[in-house]
Amino acid sequence: MNQPTTLSVITMPIPGTRYAPKKFKGDYTRVRDFVLHYECICHANNVTADDEKCSSILQYCSTYVREIIEGMKHFITPSWNSLKDEILQYFDAAKAEAKFKEHHLKQLVDASHKKKMGSLDDFKSYMRKYVRVGGWLLAKSKITQDVFNRFFWKGLPKTLRHRVENRLLQRDPTLDLSQPFVFDDVVKAVEHVLRRDRFDDEDFDSDDSDSDSDSENSSSSSDDSSDSDKEEEPPRYIRKTTKQKKEKKRTSETEKERKLLSPSKSKKTLHSLDEEEHTAVKQDEVETLIKKLGSMTIEDPNYPLLYYRAIKLDTDARLILRLPTFMNQSARPSRS
């Protein structure tokens with residue numbers, strides 16, 4: 001019968017295996033998670049001695065990181081809690097704690113309220129982006145709950161805000177409008193307004209699209225409801241130089257596509273357009289004269305003059321117009 005294995009530093013998971021921490025190479029965004037993971041496996045394997053904790057962590061580090069740790073004060077004189085603080089300090093764990101600021105949230109809100117949000121998928125995409133930035137700032141006490149609620153509301157398109165506000169007031173007519181609407185209440189109201197099983201969901205989508213069209217000119221078709229995780233990044237830093245280069249490239253490509261005409265061809269084209277315009281004006285005048293003559297009698301004293309003008313503009317007009325009186329008489333055969 002196999003005896004149970006005694007947990008100790010010997011039973012710590014081998015680097016690269018399932019329960020071992022991923023090799024730490026000095027990334028400040030991973031250092032805190034790495035240390036926490038290491039402490040968990042130490043606890044699971046009953047490793048409590050400072051010297052064992054300090055020495056065993058090296059096997060889960062890259063050569064570069066291992067050499068740094070070996071030079072730390074509390075590795076040389078083993079003290080795990082102090083060494084842990086040193087590792088977090090040397091590999092700048094505090095930098096990861098400052099990944100978002102309030103202006104990142106403002107940029108996200110400013111970009112979002114200009115976009116179409118006519119479906120629940122659009123709203124859920126915005127909510128994920130907002131919670132990623134705003135929720136982190138709230139958890140770190142960088143913003144208050146009121147600011148969190150107010151910014152979330154401002155990120156909704158104007159037409160959607162009107163519909164959601166009506167829904168909130170229907171549920172609670174005494175709602176205090178001097179305070180930002182509560183995040184959870186807004187989410188429930190939007191889910192009701194944009195519910196997927198509405199009988200007129202397509203109609204509402206088109207209404208939102210029309211009413212928000214002026215503010216959507218700067219947005220692209222990539223803001224569809226099927227946003228991927230890659231599109232969840234907030235607008236953190238805008239690289240103007242890159243944007244200007246792209247616009248310049250598009251402009252040059254457009255100029256290449258539109259080849260300029262030579263002076264002779266341009267002159268010929270303008271002359272052709274002038275002739276077409278003259279013909280069109282002439283044809284309009286003939287049609288007007290024919291209509292006017294059709295409503296007159298041939299005895300009318302003005303009829304011959306208008307008739308003459310019409311056939312001067314278009315000789316084919318005589319085929320459908322009645323001859324004036326004097327021409328009828330001259331056309332009669334003389335009596336012998």
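How do H8 and H9 run relative to each other, roughly parallel or roughly antiparallel? Keep that in mind as you open this predicted model, and we will reach the answer after a look at the whole chain.

**Stop 1: the whole chain**

Start with a cartoon view of everything. The protein chain has 16 helices and 0 strands. Now colour by burial: of the 336 residues in the chain, 29% are buried. If you draw contacts between residues at least 6 apart in sequence, 64% of them join residues at least 24 apart.

**Stop 2: H8 and H9**

Select residues 120-139 for helix H8 and residues 145-154 for helix H9. Two packed helices are described by the angle between their axes and the distance between the axes. For this pair the angle is about 160 degrees, and the axes lie 11 Å apart. Angles over 145 degrees count as roughly antiparallel, and H8 and H9 are therefore roughly antiparallel to each other. Turn the view to look through one helix at the other, and you will find that H8 passes H9 in a right-handed crossing.

Next, show the side chains at the contact. From H8, select Phe123, Tyr126, Met127, Tyr130, Gly134, Gly135 and Leu138; from H9, add Gln145, Val147, Phe148, Phe151 and Phe152. Coloured by class, this contact shows 9 nonpolar residues, 3 polar ones and no charged ones.

**Stop 3: the loop after H8**

Stay here and pick Ser141, which sits in the loop between H8 and H9. Most residues other than glycine have a negative phi. Ser141, though not a glycine, has a positive phi of about 60 degrees. Switch on the surface and Ser141 counts as exposed, at 64% relative accessibility.

**Stop 4: H1 and H5**

Now move to another helix pair: residues 31-44 form helix H1, and residues 80-90 form helix H5. Their packing angle is about 160 degrees, with the axes 10 Å apart. H1 and H5 are therefore roughly antiparallel to each other, and their crossing is right-handed.

Which residues meet in this pair? On the H1 side, select Val31, Arg32, Val35, Tyr38 and Glu39; on the H5 side, Trp80, Lys84, Ile87 and Leu88. The class colours give 6 nonpolar, no polar and 3 charged residues for the contact of H1 with H5.

**Stop 5: the loop after H5**

Follow the chain out of H5 to Asp92, in the loop that leads to helix H6 (93-96). Here is another positive phi in a residue other than glycine, near 55 degrees. Asp92 counts as partly exposed, with 36% relative accessibility.

**Stop 6: the cysteines**

For the last stop, display the cysteine sulfurs. How many disulfides does the structure hold? The number is 0. A disulfide is a covalent bond between the sulfur atoms of two cysteines, and here the cut-off is a sulfur pair within 2.5 Å.

Check the distances yourself, beginning at Cys42. The closest cysteine sulfur to that of Cys42 belongs to Cys40, and at 9.3 Å it is too far for a bond. Then go to Cys54: its closest cysteine sulfur is in Cys42, 9.5 Å away, which is also too far for a bond. Put the surface back on to see how these residues are placed. Cys42 counts as buried at 1% relative accessibility, and Cys54 is buried too, with a relative accessible area of 1%.

Methods:
Residues numbered from 1 in each chain as written. Predicted model: local features only at pLDDT ≥ 70, side-chain atom pairs only at ≥ 80, totals over all residues. Heavy atoms only, no water. Axes fitted to C-alpha atoms, helices over the stretch in contact; angles between N-to-C directions. Helix = DSSP H or I, 4+ residues; strand = E, 2+ residues; numbered from the N terminus. Parallel < 35°, antiparallel > 145°, perpendicular 65-115°, else oblique. Left-handed = near helix turned anticlockwise from the far one by under 90°. Contact = heavy atoms within 4.5 Å. Nonpolar A, V, L, I, M, F, W, Y, C, P; charged D, E, K, R; others polar. Buried < 20%, exposed > 50% of the residue type's maximum accessible area, 1.4 Å probe, protein only.
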